[in-house]
Amino acid sequence: MTISEAISRANTVKPNTYSDLDKIRWLSTLDGIIKEHIIDTHEGGENIVFKGYDEDTNPDTELLVPAPYDHIYIHWLEAQIDYSNDEYDRYENTMEMYNNAYDNFSNYYNRTHMPIGKKFKFF
């Protein structure tokens, strides 16, 4: 999913008045979390470059989480919109969906990528 696809889908399911730049920053925050907490803890993580997204980022940039786990971005954007609107009950519900999607992706990544571990020496 690209940045523009995520924003478009979020706007469709949850119409709002927040700018695309707000949503790009929210997506940047999420991919930063995913890169640090999931990808960088596994072998090959150093090969994936992520420097954040801003107003100069191409909207066709692919986000880090692939299909079929990419709905995480829609739930994340919905949650940020709900929180920013002070709709805390809705925020809790969308964060529950986001957390489930995050766990599903994390579990998938853990199954398919070797974690970085400390090497042990036996004497």
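Where is M95 placed? M95 sits in helix α4, and it turns up again in the last of the views below.

**View 1. The whole chain, a predicted model with 4 helices and 0 strands.**
This is a predicted model, in which local features need pLDDT of at least 70, side-chain atom pairs count only at pLDDT 80 or more, and totals for chains, interfaces and linings use all residues. Residues are numbered from 1 along each chain as its sequence is written, and side-chain values use heavy atoms, with hydrogens and water left out. Reading from the N terminus, the elements go α-α-α-α; helices (H or I, at least four residues) and strands (E, at least two) are DSSP runs, numbered from the N terminus. Along the principal axes, the C-alpha atoms take up a box of roughly 65 × 35 × 25 Å. The protein has 123 residues, of which 37% count as buried. Here, buried means under 20% relative accessible area, exposed means over 50%, and partly exposed is in between (1.4 Å probe, protein chains only). Take the contacts between residues at least 6 apart in sequence: 71% of them link residues at least 24 apart. A contact means heavy atoms within 4.5 Å.

**View 2. Helix α2 (residues 20-37) crossing helix α3 (residues 72-84).**
The two axes come within 10 Å and cross at roughly 125 degrees. That makes α2 oblique to α3: angles under 35 degrees count as roughly parallel, over 145 as roughly antiparallel, 65 to 115 as roughly perpendicular, and the rest as oblique. Axes are lines fitted to C-alpha atoms, for helices over the stretch in contact, and angles run from 0 to 180 degrees between N-to-C directions. The crossing of α2 past α3 is right-handed, a label used if the near helix is turned clockwise from the far one by less than a right angle, with left-handed for anticlockwise. On the α2 side, the contact is made by K23, W26, L27, T29, L30, D31 and I34, and on the α3 side by I72, Y73, W76, L77, Q80, I81 and S84. Sorted by class, that contact has 9 nonpolar, 3 polar and 2 charged residues. For the classes, Ala, Val, Leu, Ile, Met, Phe, Trp, Tyr, Cys and Pro count as nonpolar, Asp, Glu, Lys and Arg as charged, and the others, Gly among them, as polar.

**View 3. Helix α2 against helix α4 (residues 88-112).**
Here the axes are 12 Å apart, and the helices pack at an angle of about 35 degrees. Again we have a right-handed crossing, with α2 passing α4. From α2 come L30, I33, I34 and H37, which meet Y98, Y102 and F105 of α4. The class count for this contact is 6 nonpolar, 1 polar and no charged residues.

**View 4. H42, a buried loop histidine.**
H42 belongs to the loop between α2 and α3, and with a relative accessibility of 4% it counts as buried. A polar atom of its side chain lies 2.7 Å from the backbone oxygen of I38. The side chains of H42 and N110 are also joined, by a polar contact of 2.7 Å. A polar contact is a pair of N or O atoms within 3.5 Å; within protein, one must be able to donate a hydrogen and the other to accept it, and residues adjacent in sequence count only if both atoms are side-chain atoms. Leaving aside residues up to four places away in sequence, H42 touches Y109, N110, H113, M114, P115 and I116.

**View 5. N58 and P68 in the loop between α2 and α3.**
N58 is partly exposed, at 44% relative accessible area. A polar atom of the N58 side chain lies 2.7 Å from the backbone nitrogen of D60. The C-alpha atoms of N58 and T2 are 9.3 Å apart, though 56 residues separate the two along the chain. As for P68, a cis peptide bond joins A67 to it, with omega at about 5 degrees.

**View 6. H75, D86 and M95, from α3 through the loop to α4.**
H75 is buried, with a relative accessible area of 15%. Not counting residues up to four places away in sequence, H75 touches T94, M97, Y98 and A101. D86, in the loop between α3 and α4, has a positive phi of about 60 degrees although it is not a glycine. D86 is exposed, at 52% relative accessible area. M95, by contrast, counts as buried at 15% relative accessibility. C-alpha to C-alpha, M95 and D60 are 26 Å apart in space, and 35 residues apart in sequence.
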